[in-house]
Amino acid sequence: MTTANQATPIIGTPRYDIDLVGFYAESAIWFQDHWARILIATALGMVMIATLHLIRSFGVRLCARERPGNIGWWKVLGRTLARTGSVFIIIAAIRAVADLADPPLIVITTIRTLFTVAAVFQGAIWLREVVLGAVEQHTGTGRASGEALNSALGIIRLLVTFAVFAVALIVVLDNLGVNITGLVAGLGVGGIAIGLAAQGIFADLFAALAIIFDRPFRRGDVISYDTTTGTVEEIGLKSTRIRSGTGEERIIANKQLLDKEIQNITQRSYRRVSFTIGIAAYTPADRLRAIPAMLQAVIERGGHQFVHAGFLNFAPSSHDFLVEFDSLSPDLAPFFQARHDIGIAIIERLAAEGIALAYPTQLSFTAAPDG
């Protein structure tokens, strides 16, 4: 029977009170016995925090020193250092000086756990900045531009961020003693399922990234593939738009385009012109020998690069000569003008030399009545 002076105990309360009181008592004893070490560790920790803040400030100044739009390795380093978090700086400083103060076991265990979590996620942030900086440095201002590049960089940022922080989360959970086998297996199966379901989209997407970063052609280049020749108007994430010489817009999937042999006409430094000239079959041999030198003189007088000229074959009504020269410009307009000017000049020179151009002829032989 319970008397009025007796109180009904609350289940579990004495145990927690004893643990809390014991913790405070142990902390008080630790502070009394190690106050000098604690002061020294605190001073060293403040110095370390100030040093890490200076390093982060140096990274910020390094970013500001680089020219806008210029992505160099120094800027990548500066941007990486500038992304150092204040929480990581404080926890790193505490972890560095914790052993000097010789704290209780529960305190040092908590510090080590917090440092592991902070270090893993801070490392993920640094790795993300380095990878993205390397990608941006490879593209660079002036190498590639446009909406497709911005979209591609946005997708790369998303993929890199997801991959890096997913790995960081798995590492943290593993260090905290969580069984991550099921989580890793689930992520793997989910990734395979998504990849199989959208393999066509991903194929065109990665083909677009290959076009943007490998740069087989750029916007404004004249390219030729299969039987199509045209100017690249837009490089999208799914397809590339090409304006053909006849005016229509042709749209081809990026993967299909990269599977073909592409000729980048804009990248060449000249265009080659080729003529086949039919000389009348009755022209004397000594005049035929002089024709290559005549053709070379005409081409060089026109300011073009002579390649070669000479006899090609016997035709039914002519002796054919081949002449080739280079128009020293990759553009179409100078190419057409050079072909026109040199063609007319060759006709004039042959006429001045008394050499006739061939035309289809037919000889008829009539026999006399006596046979």
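**Exercise 1. Place Ser239 in the fold and decide whether it is buried or exposed.**

Ser239 sits in strand S3, residues 239-244. Strands here are DSSP runs of E with at least two residues, helices are runs of H or I with at least four, and both are numbered from the N terminus. Before going on, note that this is a predicted model: local features need pLDDT of at least 70, side-chain atom pairs count only at pLDDT 80 or more, and totals for chains, interfaces and linings use all residues. Residues are numbered from 1 along each chain as its sequence is written, and side-chain values use heavy atoms, leaving out hydrogens and water.

Step 1: take the cut-offs, where buried means under 20% relative accessible area, exposed over 50%, and partly exposed in between (1.4 Å probe, protein chains only).
Step 2: the relative accessible area of Ser239 is 18%, so Ser239 is buried.
Step 3: look for its contacts (heavy atoms within 4.5 Å). Leaving aside residues up to four places away in sequence, Ser239 touches Glu234, Ile251, Ile252, Ala253 and Asn254.

**Exercise 2. Work out the strand order of the open sheet of five strands.**

Step 1: strands pair if DSSP finds at least two bridges between them. As background, strands of a sheet pair through backbone hydrogen bonds, either parallel or antiparallel.
Step 2: S1 and S2 are antiparallel, with four bridges; Tyr225 has Thr228 in S2 as its bridge partner.
Step 3: S3 and S4 also run antiparallel, joined by five bridges, and Thr240 is partnered by Ile252 in S4.
Step 4: the hairpin of S3 and S4 has four residues between the strands, and Gly247 there takes a positive phi near 110°.
Step 5: the full order is S4-S3-S2-S1-S5, with antiparallel pairing. The edges are S4 (249-253) and S5 (263-264), each of which pairs on one side only.

**Exercise 3. Find the largest nonpolar core and the elements that build it.**

Step 1: a nonpolar core is a set of buried Ala, Val, Leu, Ile, Met, Phe, Trp, Tyr and Cys residues joined through side-chain atoms within 4.5 Å.
Step 2: the largest one has 22 residues, and those with the most contacts inside it are Ile156, Phe213, Phe217, Ile223, Tyr225 and Ile235.
Step 3: two or more residues each come from helices H4 (105-139), H5 (147-175) and H7 (199-214), and from strands S1 (222-225) and S2 (228-235).
Step 4: H5 gives the largest share, six residues.
Step 5: apart from this core lies another of 20 residues, including Leu295, Ile299, Phe306 and Ile355.

**Exercise 4. Describe Arg218: where is it, and how accessible is it?**

Step 1: Arg218 lies in the loop between H7 and S1.
Step 2: its relative accessibility is 38%, so Arg218 counts as partly exposed.
Step 3: Arg218 and Thr266 are 48 residues apart in sequence, while their C-alpha atoms are 9.6 Å apart in space.

**Exercise 5. Sum up the protein as a whole.**

Step 1: count the secondary structure, which comes to 10 helices and eight strands.
Step 2: of the 371 residues, 32% count as buried.
Step 3: among contacts with a separation of 6 or more, 63% are between residues 24 or more positions apart.
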